[in-house]
Amino acid sequence: GDAFLKSDFKETGRLLDLLFLLCQKYYEKIGNGEIKVGALTLNGMDKGLPKGSTGLLSGFIKSLSQELPLSICRLVNSDGGDFLRGLNQLEVELSEVNHIEACYLRGKRHLFSLEPVNRMSGDNKPLLDSQTVVIATG
């Protein structure tokens, strides 16, 4: 959250590198569910949505979960800065089974999910052409 924005990228990168190295070292135990992976961003919300600075961590946790289907990997984006409250929220999420990422706004749990779309455009013309650039993340 704010820590990512206030620190320089070297510090942030070091924390993500540490997470990556720990996951690499304990890969097999994470993969069989023996070790759980939990990540917490404090002050990680802005106007009801996760801050952009949470994206790299979110993508890593989601990728690890997809790569290791039996793993238990969770991310909590909390709008508050209370570390103990955030750990309590993360503890709740580590016991959940259906969602990898949860957001807490004013203490209330929120989940984001994709919904099917019947029609992509109103005029049935393609939205993408040879000049379109698409960036997909997370």
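## Close-up views of a predicted protein chain

**View 1. A salt bridge joins glutamate 101 and lysine 62.** In this predicted model, the side chains of glutamate 101 and lysine 62 come together in a salt bridge, with 3.0 Å from N to O. Look at where the two partners sit: glutamate 101 belongs to strand β5 (residues 101-105), while lysine 62 belongs to helix α4 (residues 55-67). They are 39 residues apart, and the pair links distant parts of the chain. Is each partner buried or exposed? Glutamate 101 has a relative accessible area of 14%, so this residue counts as buried, the cut-off being under 20%. Lysine 62, with a relative accessible area of 25%, is partly exposed. As a reminder for this and the next two views, side chains of opposite charge can pair when their charged atoms come close.

**View 2. Glutamate 93 pairs with arginine 109.** How far apart are the closest N and O atoms of glutamate 93 and arginine 109? They are 2.6 Å apart, and the two residues form a salt bridge. Glutamate 93 lies in helix α5 (residues 83-94) and arginine 109 in strand β6 (residues 108-110), so this salt bridge ties together parts that are 16 residues apart in sequence. Glutamate 93 is buried, with a relative accessible area of 1%. Arginine 109, in contrast, is partly exposed, with a relative accessible area of 30%.

**View 3. Arginine 109 also meets glutamate 96.** Stay with arginine 109 for a moment: its side chain meets that of glutamate 96 in a salt bridge, with 3.9 Å from N to O. Glutamate 96 is found in the loop between α5 and β5, and arginine 109 in strand β6, 13 residues apart. Glutamate 96 counts as partly exposed, at 30% relative accessibility. Put this view together with the previous one, and you have a network of salt bridges that links Glu93, Glu96 and Arg109. How many salt bridges does a search of the whole structure find? The search finds three.

**View 4. Three residues make a nonpolar patch on the surface.** Which residues form this patch? They are Leu18, Leu22 and Tyr26, and together they have about 270 Å² of accessible area. Leucine 22 is a handy landmark here, as part of helix α2 (residues 9-25). At 42% relative accessibility, leucine 22 counts as partly exposed. For the surface as a whole, the protein chain exposes about 9900 Å², and carbon and sulfur atoms supply 56% of that area.

**View 5. Helix α1 and helix α3 differ in the predictor's confidence.** Among the elements of the chain, helix α1 (residues 2-6) has the lowest mean pLDDT, 45, and helix α3 (residues 27-31) has the highest, 97. Over residues 1-7 the pLDDT is below 50, and this stretch has 14 contacts in the model beyond near neighbours in sequence. Where pLDDT is low, the predicted coordinates should not be read in detail. For the protein chain, the mean pLDDT is 86, and 87% of the residues reach 70 or more.

**View 6. Stepping back, the chain combines five helices and six strands.** Try following the chain along its sequence: the pattern is α-α-α-β-β-β-α-β-α-β-β. Of the 138 residues, 31% are buried. Among contacts with a separation of 6 or more, 65% come from residues 24 or more positions apart.

Notes. Residues are numbered from 1 along each chain as its sequence is written. This is a predicted model: local features need pLDDT of at least 70, side-chain atom pairs count only at pLDDT 80 or more; totals for chains, interfaces and linings use all residues. Side-chain values use heavy atoms; hydrogens and water are left out. Helices (H or I, at least four residues) and strands (E, at least two) are DSSP runs, numbered from the N terminus. Buried means under 20% relative accessible area, exposed over 50%, partly exposed in between (1.4 Å probe, protein chains only). Contact means heavy atoms within 4.5 Å. Accessible areas come from the Shrake-Rupley method with a 1.4 Å probe; for residues, only the protein chains shown count as cover. A salt bridge is a side-chain nitrogen of Lys or Arg within 4 Å of a carboxyl oxygen of Asp or Glu. Patches are made of residues with over 30% relative accessible area and no salt bridge: like charges are joined within 9 Å, nonpolar side chains (Val, Leu, Ile, Met, Phe, Trp, Tyr) within 5 Å. pLDDT is the predictor's confidence in each residue, from 0 to 100.
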